[in-house]
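Trainee: Got a minute to go through this model with me? I'd like the fold, then the helix packing.

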Amino acid sequence: MKLQRSQIVQIISGSVANYSSQQQSDAISEESRLIGAGRVLDSIGLVSMLVELETRIADESNLSIRLMDDRAMSQSKSPFRTVGTLADYIDSLLPEVTES
């Protein structure tokens, strides 16, 4: 099943809320920072959230993606800057992956 970008944002927001002190996904927006100044997660929270996110995407779409790989780490602008940039990155990966 193909996830829409809006669904991806909702999944990310829920995962971020699980590891953030804000604790409510409606308090998380596309502009919420995941890394850098003003971030809503610490480094352990970010890694934990990304692992959960991979699992939730697999559960909801039957697609297996890897978010923490060389491709993500080698980009000139990190896809992990904000909820919105992460949603864009995931949306770009989905056409390339196969069902799990």
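Mentor: We'll take the overall layout, then one helix pair, then one residue. This is a predicted model, so local features need pLDDT of at least 70, side-chain atom pairs count only at pLDDT 80 or more, and totals for chains, interfaces and linings use all residues. Residues are numbered from 1 along each chain as its sequence is written, and side-chain values use heavy atoms, with hydrogens and water left out.

Trainee: How many helices and strands are there in the protein?
Mentor: Four helices and zero strands. Both are DSSP runs, numbered from the N terminus: helices are H or I with at least four residues, strands E with at least two. Along the sequence the pattern reads α-α-α-α.

Trainee: What radius of gyration does the protein have?
Mentor: 12 Å, which agrees with the value near 13 Å for a compact globule of 100 residues. The radius is taken over C-alpha atoms, and the globule rule is 2.2 Å times the number of residues to the power 0.38. The C-alpha box is roughly 35 × 30 × 20 Å along the principal axes.

Trainee: Now packing. At what angle do H1 and H4 cross?
Mentor: Roughly 125°, with the axes of H1 (residues 5-19) and H4 (residues 83-93) coming within 9 Å. Axes are lines fitted to C-alpha atoms over the stretch in contact, and angles run from 0 to 180 degrees between N-to-C directions. The pair is therefore oblique. That class is what remains after under 35 degrees (roughly parallel), over 145 (roughly antiparallel) and 65 to 115 (roughly perpendicular).

Trainee: Which residues of H1 meet H4?
Mentor: Arg5, Ile8, Val9, Ile12, Ser13 and Val16. On the H4 side they meet Val83, Gly84, Leu86, Ala87, Asp88, Ile90 and Asp91. Contact means heavy atoms within 4.5 Å.

Trainee: Is H4 mostly covered or uncovered?
Mentor: Mostly covered: eight of its 11 residues are buried. Buried means under 20% relative accessible area, exposed over 50%, partly exposed in between (1.4 Å probe, protein chains only). Among the buried ones are Thr85, Tyr89 and Leu93. The cover includes H1, H2 (43-61) and H3 (70-73).

Trainee: Switching to one residue. Where is isoleucine 8 found?
Mentor: In helix H1. At 0% relative accessibility, isoleucine 8 counts as buried.

Trainee: And what does isoleucine 8 touch?
Mentor: Leu3, Ala87, Ile90, Asp91 and Leu94, not counting residues up to four places away in sequence.
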